[in-house]
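Got your viewer open? Load the model below and keep the selection tool handy.

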Amino acid sequence: MHRLSLLITLPLAVVLVIFAVNNRSLIEIDLWPLGFVIAWPAFVFAFVGVSVGLLLGGLLAWISGGATRKLARERKARIRELEHTVATMKTRFDDTSAAQPRPPALPE
């Protein structure tokens, strides 16, 4: 797993560094209602945009999976309840069968 991570991470890091080096020119963005200008290299705006997109996408995916996670929690609780019921019934059956005499075996 570690090698796979390196296999993916290293080429991606090289691509990001090359992108950052090739896009060093300053870009000015005027935030009109606020009355100030931001002047950053182009790659910063690209990285910020991608990062915000990834975070929002992850948040939306997590929110949309809420119903599934709730159902899984409910089913897990129900399974625990049923396992407890089965264990209780097994104990009762063992106690009951030990108290009753066994029927005689049939001849072959």
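What follows is a walk through this model, stop by stop.

**Stop 1: the whole chain**

Before you click on anything, bear in mind that this is a predicted model. Show the whole chain as a cartoon and colour it by secondary structure: you should find three helices and two strands. Reading from the N terminus, the order is α-β-β-α-α. The radius of gyration is 32 Å, while the globule rule gives 13 Å for 108 residues, so the chain is more spread out than a compact globule. Turn the C-alpha trace around and you'll see a span of about 95 × 40 × 20 Å along its principal axes.

Now switch on the surface. The chain exposes about 10,000 Å², and 69% of that comes from carbon and sulfur atoms. Buried residues account for just 5% of the 108. How many of the contacts between residues at least 6 apart in sequence join residues at least 24 apart? The share is 15%. If you like to colour by charge, the chain has 12 positive and 8 negative charges, and the mean positions of the two sets are 2 Å apart.

**Stop 2: the hairpin**

Next, select residues 26-31 and 36-41, which are strand 1 and strand 2. They run antiparallel, with six bridges joining them. For the pairing, show side chains at two places: Ile27 sits opposite Trp40, and Leu31 sits opposite Phe36. Four residues lie between the strands of this hairpin, and Gly35 is the one to click on here, with a positive phi near 80 degrees.

Is strand 1 largely buried or in the open? Of its six residues, the number buried is zero, so strand 1 lies largely in the open.

**Stop 3: Ala39**

Stay with the hairpin and pick Ala39, which belongs to strand 2. Ala39 is partly exposed, at 38% relative accessible area. That value falls between the 20% under which a residue counts as buried and the 50% over which it counts as exposed. Which residues does Ala39 touch, once you ignore its neighbours within four places in sequence? The answer is Leu26, Ile27 and Glu28. Draw a C-alpha to C-alpha distance from Ala39 to Glu28: the two are 11 residues apart in sequence, yet 4.2 Å apart in space.

**Stop 4: His2 in helix 1**

Jump back towards the N terminus and select residues 2-22 for helix 1, where you'll find His2. Its relative accessible area is 61%, so His2 counts as exposed. Now draw a line from the C-alpha of His2 to that of Glu83: they are 81 residues apart in sequence and 38 Å apart in space.

**Stop 5: His84 in helix 3**

For the last stop, select residues 66-99, which make up helix 3, and pick out His84. At 56% relative accessibility, His84 is exposed. Add one more distance, from His84 to Lys70: these residues are 14 apart along the chain, and their C-alpha atoms are separated by 21 Å.

To finish, zoom out to the full chain again, with its three helices and two strands, and look once more at the antiparallel pair formed by strand 1 and strand 2.

Notes:
Residues are numbered from 1 along each chain as its sequence is written. This is a predicted model: local features need pLDDT of at least 70, side-chain atom pairs count only at pLDDT 80 or more; totals for chains, interfaces and linings use all residues. Side-chain values use heavy atoms; hydrogens and water are left out. Two strands pair if DSSP finds at least two bridges between them. The radius of gyration is taken over C-alpha atoms; the globule rule is 2.2 Å times the number of residues to the power 0.38. Buried means under 20% relative accessible area, exposed over 50%, partly exposed in between (1.4 Å probe, protein chains only). Contact means heavy atoms within 4.5 Å. Accessible areas come from the Shrake-Rupley method with a 1.4 Å probe; for residues, only the protein chains shown count as cover. Lys and Arg count as positive and Asp and Glu as negative; His and the chain ends are not counted. The place of a charge is taken as NZ of Lys, CZ of Arg, CG of Asp or CD of Glu.
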